[in-house]
Amino acid sequence: MMFQDFDCQIIVTNAYLLSKTESEEKIHDILDFPGTIMTDSGAYQLLIYGDVKITPDQIIRFQERIETDIAVILDVPTGGKATYRDAEFTVEETLRRANASISQRRKSKILWVGPIQGGTYPDLVARSARTISELDFSIYAIGSPTQLMEQYQFDKLVDLVLTAKMNIPVHKPVHLFGAGHPLIFPLIVAMGCDMFDSAAYALFAKHDRILTSEGTFRLAELKDEFCTCPTCSQYTISEMKQLEKKKRIQVLAEHNLRICQNEIKRIKHAIREGRLWRLVESRLSSHPALVDAMQRLQSYQPLFEEASPITKKRAIYITSPWSLYQPEIYRHKKRMEDYSPPEPKRNVLLLFSASRNGPYHSAKEYTRFKNEYKKISPESFQSFDTIFVSPIFGLVPLELTNYYPLAQNVVPQTDLANLDYSIIAQLKSYLTENLQYIQIFGLFGQSAFWQSFKRRCKQMLKQFQKKFMLSTTDFSSKSLKTLISKIALEL
Ligand SMILES: [Zn+2]
């Protein structure tokens with residue numbers, strides 16, 4: 001049923017619980033499932049009940065005997081509440097068992113999973129990840145996120161996952177244990193988790209709780225039908241409430257599973273379309289803890305930038321201040337740190353407010369400026385440097401305006417936030433590197449953003465012994481003419 005109805009190609013089950021049934025069958029026969037089967041080792045039971053009655057080498061032999069496809073060694077989970085000393089023990093013991101497991105394995109067809117522990121202690125997570133990635137495992141799994149997720153400590157989850165990611169080879173698949181709420185799926189995939197597992201869909205159903213990608217609801221609280229999935233469409237809300245308990249759990253579990261599957265499909269689609277960031281951003285409104293996670297992602301921008309393609313087939317969208325953390329924007333700002341203007345050096349710099357949508361060099365205002373300029377002083381048009389100032393990307397030199405995504409972005413007409421002072425800092429550092437400018441002209445729009453930019457800019461420019469003229473303009477030909485004659489005079 002799972003295979004056909006749910007379009008499910010891989011399932012995860014528990015080897016420890018299975019070993020207690022003393023069945024002699026192989027796992028694919030026991031579960032009657034033709035897809036890939038992963039067996040977890042019982043470490044979760046160890047975390048919850050404190051003890052499991054099986055040894056690390058017994059669980060290896062058992063998983064080999066039942067011919068599972070993906071197997072996990074019996075690690076020692078750190079959990080979310082361990083003291084540093086206890087957490088350190090779980091890391092050391094898991095590594096010891098991981099090491100020992102290499103010589104205990106007999107079958108080569110199984111993909112072995114190496115668990116990473118350390119919980120909320122980044123140095124331990126880093127050590128655990130670094131050391132285990134030197135051992136022969138096909139997949140690395142990040143342990144102990146469940147309590148962080150249950151308590152909505154998504155910022156700590158970001159630290160856990162990304163610390164682990166930074167310390168394992170980038171080409172290795174990463175599994176996240178116990179991630180089962182669709183709310184968090186886009187975020188964990190964006191952080192580089194390739195696989196995750198959870199019994200949440202069933203556990204929530206047991207308590208009459210309904211999963212959606214926007215959050216969790218209690219069946220009792222719902223007055224109207226909430227879903228059009230094939231399972232839910234068979235019942236009205238009151239029929240669903242009146243189902244006998246066993247049937248109701250089954251119906252809700254099916255719904256929960258479908259919602260999880262749908263979210264996975266949505267994520268796959270977003271990845272193919274190059275829009276995963278947008279999906280992550282669109283989920284922020286579902287829970288404040290996701291906003292904390294997004295804020296924390298900021299400190300890992302270099303990691304995201306490194307993993308992002310240089311170009312994508314679609315424009316990037318700017319829909320909220322969070323859009324500004326997109327790796328592409330960070331990449332441009334980083335590029336600008338090493339940028340130097342073309343040779344030979346010119347001594348006049350023109351700063352021009354960037355239009356809302358790229359490419360900046362063909363925007364209406366700039367084209368008007370260019371045409372006016374060519375009328376007044378055609379011979380001097382190439383004699384100065386032009387840099388666009390964008391509220392989104394910061395400084396964008398004229399010759400870079402075609403690079404992705406400087407010309408491929410969609411930006412609202414409204415200012416997203418107050419002036420970002422980092423643009424002023426960026427300009428200051430650019431001018432410090434380029435002391436050849438004798439005169440700086442600025443030509444900005446009239447909105448509050450540009451007024452405020454101009455004010456800050458003037459203050460900053462006082463530190464430089466230069467002539468500068470910053471004007472706000474309506475881009476009418478009269479005001480352009482005045483400015484152009486002043487520029488031409490300086491050249
Ligand atoms: Zn449904």
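Start by selecting Arg209 and Arg218: Arg209 stands opposite Arg218, which belongs to strand β9. Now widen the selection to β8 (residues 209-212) and β9 (residues 215-218), which pair in the antiparallel sense over four bridges. Two strands count as paired if DSSP finds at least two bridges between them. Together β8 and β9 make a hairpin, with two residues between them. The element names follow DSSP runs numbered from the N terminus: helices are H or I runs of at least four residues, and strands are E runs of at least two.

A word on what you are looking at: this is a predicted model, in which local features need pLDDT of at least 70 and side-chain atom pairs count only at pLDDT 80 or more, while totals for chains, interfaces and linings use all residues. Residues are numbered from 1 along each chain as its sequence is written.

**Zoom out to the domains**

Colour 2-295 as domain 1 and 341-490 as domain 2, following the domain assignment of the chain. Such bounds come from an automatic or database domain assignment. The C-alpha centres of domain 1 and domain 2 lie 50 Å apart.

**The seven-stranded sheet**

Next, select β1 through β7. These seven strands form an open sheet in the order β1-β2-β3-β4-β5-β6-β7, with parallel pairing. Look at β1 (10-14) and β7 (195-196): each has a single partner strand, so one side of each is left without a neighbour in the sheet. For a close-up, pick β2 (residues 36-40) and β3 (residues 70-72), which run parallel and are joined by two bridges. Here Thr39 stands opposite Ala71 of β3.

While you are there, click on Glu67, in the loop between α5 and β3. Glu67 has a positive phi of about 55°, although it is not a glycine. Most residues other than glycine have a negative phi.

**Helices α9 and α15**

Select α9 and look at the strands beneath your cursor. Helix α9 lies across β4 (111-116), β5 (139-142) and β6 (174-176), and runs at about 155° to β5. Angles are taken between N-to-C directions from 0 to 180 degrees, and axes are lines fitted to C-alpha atoms, for helices over the stretch in contact. Contact here requires C-beta atoms, placed from the backbone, to lie within 7 Å.

Add α15 (residues 288-297) to α9 (residues 154-166): their axes come within 7 Å and cross at roughly 35°. The crossing of α9 and α15 is right-handed, meaning that the near helix is turned clockwise from the far one by less than a right angle, whereas anticlockwise would be left-handed. To see the contact, show side chains for Phe154, Asp155, Leu157, Val158 and Asp159 of α9, then Ala289, Leu290, Asp292, Ala293, Gln295, Arg296 and Leu297 of α15. These residues of the α9 and α15 contact divide into seven nonpolar, one polar and four charged. In this scheme Ala, Val, Leu, Ile, Met, Phe, Trp, Tyr, Cys and Pro are nonpolar, Asp, Glu, Lys and Arg are charged, and the others, Gly among them, are polar.

**Helices α5 and α6**

Move to α5 (residues 56-65) and α6 (residues 84-104), whose axes come within 10 Å and cross at roughly 45°. Helices α5 and α6 are therefore oblique to each other. Angles under 35 degrees count as roughly parallel, over 145 as roughly antiparallel, 65 to 115 as roughly perpendicular and the rest as oblique. The crossing of α5 past α6 is right-handed. Pro56, Asp57 and Ile60 of α5 meet Arg97, Ala100, Ser101 and Gln104 of α6.

**Over to the five-stranded sheet**

Which strands stand at the edges of the sheet ordered β13-β12-β11-β15-β16? This is an open sheet of five strands with mixed pairing. Its edge strands are β13 (394-397) and β16 (467-472), each pairing on one side only. The twist averages 20° from one strand to the next.

Select β15 (residues 439-444) with β16: the two run parallel, joined by six bridges. Leu443 stands opposite Ser471 of β16. Helix α20 (residues 448-461) packs on this sheet, touching β11 (348-353), β12 (385-390), β15 and β16, and its direction makes about 170° with that of β16. Helix α21 (residues 477-490) lies across β11, β15 and β16, at about 160° to β15.

**Last stop: two cis prolines**

Pick Pro344, in the loop between α17 (327-337) and β11. The peptide bond from Glu343 to Pro344 is cis, with omega near -10°. Then find Pro405, in the loop between β13 and β14 (409-410). Tyr404 and Pro405 are also joined by a cis peptide bond, with omega about -5°.

Terms used:
Contact = placed C-beta atoms within 7 Å.
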